[in-house]
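Hi,

Here is the structure I said I would pass on. Have a look at it first, and then read my notes underneath.

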Amino acid sequence: MLLLFVSSFLLLQGCLGGRTITELRTKTGTANGAGCDCKMEVAISTPQGLCVTNELGNSNLNDFQNGHLDSFAGAQLGECLDFEPGDSNSGWELVFFHTGSDGWIGDYAEVVMSDNSFVRCGINGEVLDGVDNMHIYCD
């Protein structure tokens with residue numbers, strides 16, 4: 001009987017899994033010219049490993065505009081969709097990959113998990129322009 005209980009518990013734990021990445025949010029700064037008509041991808045590094053999004057952008061929206069908070073989910077998350085980052089919110093890093101002649105000035109990014117927890121990463125007005133990348137450490 002105990003063996004059946006333990007087996008059922010382990011099976012249930014395996015089916016439930018841990019929290020997963022469900023959304024990436026970016027907040028564009030409010031400085032003059034902060035917004036951009038550009039392309040970006042983001043690598044998300046966690047204590048459990050690394051994943052990379054697909055190109056971020058919503059075809060029916062004008063993303064990365066001054067002062068806007070943009071949300072990316074589903075297929076745009078690429079290999080980060082349902083990635084299991086582990087339980088720790090410490091030790092995270094993001095690398096933004098920017099292409100396009102229009103520069104972008106970010107304020108912060110948030111990685112949101114299936115349990116509604118999130119990791120916030122301060123960008124603090126750094127500029128991405130042309131073919132450029134930016135490595136940021138998260139709080």
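Below is what I found in it, going from the overall fold to a couple of loop residues.

First, a caveat: this is a predicted model, so please read everything here as computed from that prediction.

**The fold.** The protein has one helix and nine strands. Going along the sequence, the helix comes before the strands, in the pattern α-β-β-β-β-β-β-β-β-β. If you count contacts between residues with a separation of 6 or more, 71% of them join residues 24 or more positions apart. Of the 139 residues, 40% count as buried. On the outside, about 7600 Å² is exposed, and carbon and sulfur atoms supply 53% of that area.

**The core.** The largest nonpolar core has 28 residues. Ile21, Ile44, Phe64, Leu94, Phe96, Trp104 and Val111 have the most contacts inside it. Two or more residues each come from β1 (21-28), β2 (39-46), β5 (93-99), β6 (104-113), β7 (118-122) and β9 (132-137). The largest share is from β6, which gives four residues.

**Phe64 and the pocket.** Phe64 is worth finding on your screen. Leaving aside residues up to four places away in sequence, Phe64 touches Thr26, Thr28, Gly35, Cys36, Cys38, Met40, Leu56, Asp70, Phe72 and Trp104. Trp104 is also among the core residues with the most contacts. Phe64 turns up again at the largest pocket, which holds about 190 Å³ of space. That pocket is lined by 16 residues, and the closest to its centre are Asp37, Cys38, Gly57, Asp63 and Phe64. By class, the lining has five nonpolar, seven polar and four charged residues.

**Two loop neighbours.** Which of Ala75 and Gln76 is buried, and which is exposed? Ala75 is found in the loop between β4 (69-73) and β5, and Gln76 is found in that loop too. Ala75 has a relative accessible area of 64%, and the cut-off for exposed is over 50%, so Ala75 is exposed. Gln76 comes out at 14% relative accessibility; buried means under 20%, so Gln76 counts as buried.

As for what lies around them, Gln76 touches Thr53, Asn54, Glu55, Leu56, Gly57 and Asn58, again not counting residues up to four places away in sequence. Asn54 comes up for Ala75 as well: the two are 21 residues apart in sequence, and their C-alpha atoms are 7.5 Å apart in space. Of the residues Gln76 touches, Leu56 is also touched by Phe64, and Gly57 is one of those closest to the pocket centre.

Cheers

Methods
Residues numbered from 1 in each chain as written. Predicted model: local features only at pLDDT ≥ 70, side-chain atom pairs only at ≥ 80, totals over all residues. Heavy atoms only, no water. Core = buried A, V, L, I, M, F, W, Y, C linked by side-chain atoms within 4.5 Å. Buried < 20%, exposed > 50% of the residue type's maximum accessible area, 1.4 Å probe, protein only. Contact = heavy atoms within 4.5 Å. Areas by Shrake-Rupley, 256 points an atom, 1.4 Å probe, with all protein chains shown as cover. 1 Å grid on protein atoms, 1.4 Å probe; cavity = no way out; pocket = protein on both sides within 12 Å on 5 of 7 lines; lining within 4 Å. Points joined across faces, edges and corners; volume = space filled by probe spheres on them. Nonpolar A, V, L, I, M, F, W, Y, C, P; charged D, E, K, R; others polar.
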